[in-house]
Amino acid sequence: MAGRRATWARGTADDSEATKVFGGGAWRASFHHELVDDQEKRRYDVEYCSTDQVRFARHDGKTWQPARIIDVPPLVFTEAMRDVDLFVGVTSIATDPQWADRGEDRFSMYWHRTAVAELTPSAQVRRDALARLLPRMAIADRVDLAERYLRVRGNLRAYRIHLGSGNIMMEPDDRYLCIVAARSQTGRLHLPFDDDPMLATILSKAIMLAADDRITDPTVLSQLRPTVIG
């Protein structure tokens with residue numbers, strides 16, 4: 001599990017706890033999670049997990065002693081919860097636009113609910129960053145920042161990009177637009193921070209959609225055609 005500048009250590013395959021040390025080694029946060037067995041697939045590996053509690057412990061020189069939340073230093077608490085919130089926000093299946101096309105399965109309700117949900121704390125920080133960045137960009141006259149969405153006016157359509165999941169809905173019929181971002185590179189976007197890959201993804205999509213008449217990918221173009229109702 002990747003944190004902001006360090007990693008969370010995970011135990012054995014049967015362990016459901018990831019840990020990270022803060023405060024110069026004086027405090028430890030434990031992020032509990034449960035593996036989710038997808039019974040609809042006949043395979044032996046587990047692809048998903050559900051999140052659970054975050055607990056803190058203090059190092060007494062020999063062992064780790066459980067600590068009450070009220071006793072955790074504010075900086076340790078905020079750093080740990082920032083990591084947890086960012087991890088959950090980035091790895092959630094709600095950030096995968098292809099889930100919209102999977103039909104009815106055991107995770108579809110979660111996907112639809114989370115893909116357009118109220119913003120998490122990390123997504124709110126992302127919105128604040130966009131408010132500062134967008135006026136300086138070439139697409140400034142084509143975007144509007146709303147409470148949960150970044151609205152982009154293209155030449156073919158208008159779009160709403162959810163600031164939490166990064167998923168795109170096309171106006172006026174609110175159809176999902178599936179654009180799968182490349183995982184190996186972020187293009188030519190150079191941001192002054194690297195702890196929020198979703199921000200780079202949203203900006204990349206906004207830049208592309210602002211010039212949607214220049215898109216050549218046939219998979220994306222097929223989705224931009226208006227829906228014909230017979």
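Is Lys20 buried or exposed? In this predicted model, Lys20 is buried, because its relative accessible area is 9% and buried means under 20%. The residue has its place in strand β2, which covers residues 17-22. The side chain of Lys20 is joined to that of Asp83 by a polar contact of 2.5 Å.

Strand β2 and its surroundings can be set within the whole chain. The protein has 230 residues, of which 37% count as buried. Its secondary structure consists of 5 helices and 10 strands. Among the contacts between residues at least 6 apart in sequence, 49% join residues at least 24 apart.

A second buried polar residue is Ser30, in strand β3 (residues 27-36). Ser30 counts as buried because its relative accessibility is 5%. Its side chain makes a polar contact of 2.7 Å with the side chain of Glu17.

Helix α1, made of residues 74-91, contains Ala80. Ala80 has a relative accessible area of 0% and is therefore buried. The C-alpha atoms of Ala80 and Val54 are 8.8 Å apart in space, although the two residues are 26 positions apart in sequence.

The discussion now turns to the nonpolar interior. In soluble globular proteins, nonpolar side chains tend to be buried together. The largest nonpolar core here has 27 residues. Leu150, Val152, Ile161, Leu177 and Leu209 have the most contacts inside that core. At least two core residues come from each of the helices α3 (121-133), α4 (197-210) and α5 (218-224), and from each of the strands β7 (149-153), β8 (158-162) and β9 (168-171). The greatest contribution is that of α4, with 7 residues. Apart from this core lies another, of 12 residues, which includes Trp27, Phe31, Val54 and Phe56. Val54 has thus appeared twice: as a member of the core of 12 residues and as the residue whose C-alpha atom is 8.8 Å from that of Ala80.

Which residues does Leu177 touch, once those up to four places away in sequence are set aside? They are Tyr159, Ile168, Met170, Leu209, Val220, Gln223 and Leu224. Leu209 belongs, with Leu177 itself, to the residues that have the most contacts inside the core of 27 residues.

Several of these strands also take part in a sheet. Strands of a sheet pair through backbone hydrogen bonds, either parallel or antiparallel. In this protein, 5 strands form an open sheet in the order β6-β7-β8-β9-β10, with antiparallel pairing. Strands β6 (143-145) and β10 (175-177) stand at the edges; each has a single partner strand, so one side of each is left without a neighbour in the sheet. From one strand to the next, the twist averages 30°. At one edge, β6 and β7 run antiparallel and are joined by 3 bridges. Val143 stands opposite Val152 of β7, and Val152 is also among the residues with the most contacts inside the largest nonpolar core.

Charged side chains form a further set of links. Side chains of opposite charge can pair when their charged atoms come close. The count of salt bridges comes to 9. One of them joins Arg151 and Glu171, whose closest N and O atoms are 2.8 Å apart. Arg151 lies in strand β7 and Glu171 in strand β9, so the pair ties together parts that are 20 residues apart in sequence. The two partners differ in burial: Arg151 is partly exposed at 27% relative accessibility, whereas Glu171 is buried at 18%. Both belong to a network of salt bridges that links Arg151, Arg160, Glu171 and Asp174.

Two further salt bridges may be described. Asp173 and Arg175 form one, with their closest N and O atoms 2.9 Å apart. Asp173 counts as partly exposed at 33% relative accessibility, and Arg175 likewise counts as partly exposed at 24%. The side chains of Arg68 and Asp71 form another, at 3.1 Å from N to O. Here Arg68 counts as exposed, because its relative accessibility is 55% and exposed means over 50%. Its partner Asp71 is partly exposed, with a relative accessible area of 33%.

How values were computed
Residues are numbered from 1 along each chain as its sequence is written. This is a predicted model: local features need pLDDT of at least 70, side-chain atom pairs count only at pLDDT 80 or more; totals for chains, interfaces and linings use all residues. Side-chain values use heavy atoms; hydrogens and water are left out. A nonpolar core is a set of buried Ala, Val, Leu, Ile, Met, Phe, Trp, Tyr and Cys residues joined through side-chain atoms within 4.5 Å. Buried means under 20% relative accessible area, exposed over 50%, partly exposed in between (1.4 Å probe, protein chains only). Helices (H or I, at least four residues) and strands (E, at least two) are DSSP runs, numbered from the N terminus. Contact means heavy atoms within 4.5 Å. A polar contact is a pair of N or O atoms within 3.5 Å; within protein, one must be able to donate a hydrogen and the other to accept it, and residues adjacent in sequence count only if both atoms are side-chain atoms. A salt bridge is a side-chain nitrogen of Lys or Arg within 4 Å of a carboxyl oxygen of Asp or Glu. Two strands pair if DSSP finds at least two bridges between them. Axes are lines fitted to C-alpha atoms, for helices over the stretch in contact, and angles run from 0 to 180 degrees between N-to-C directions.
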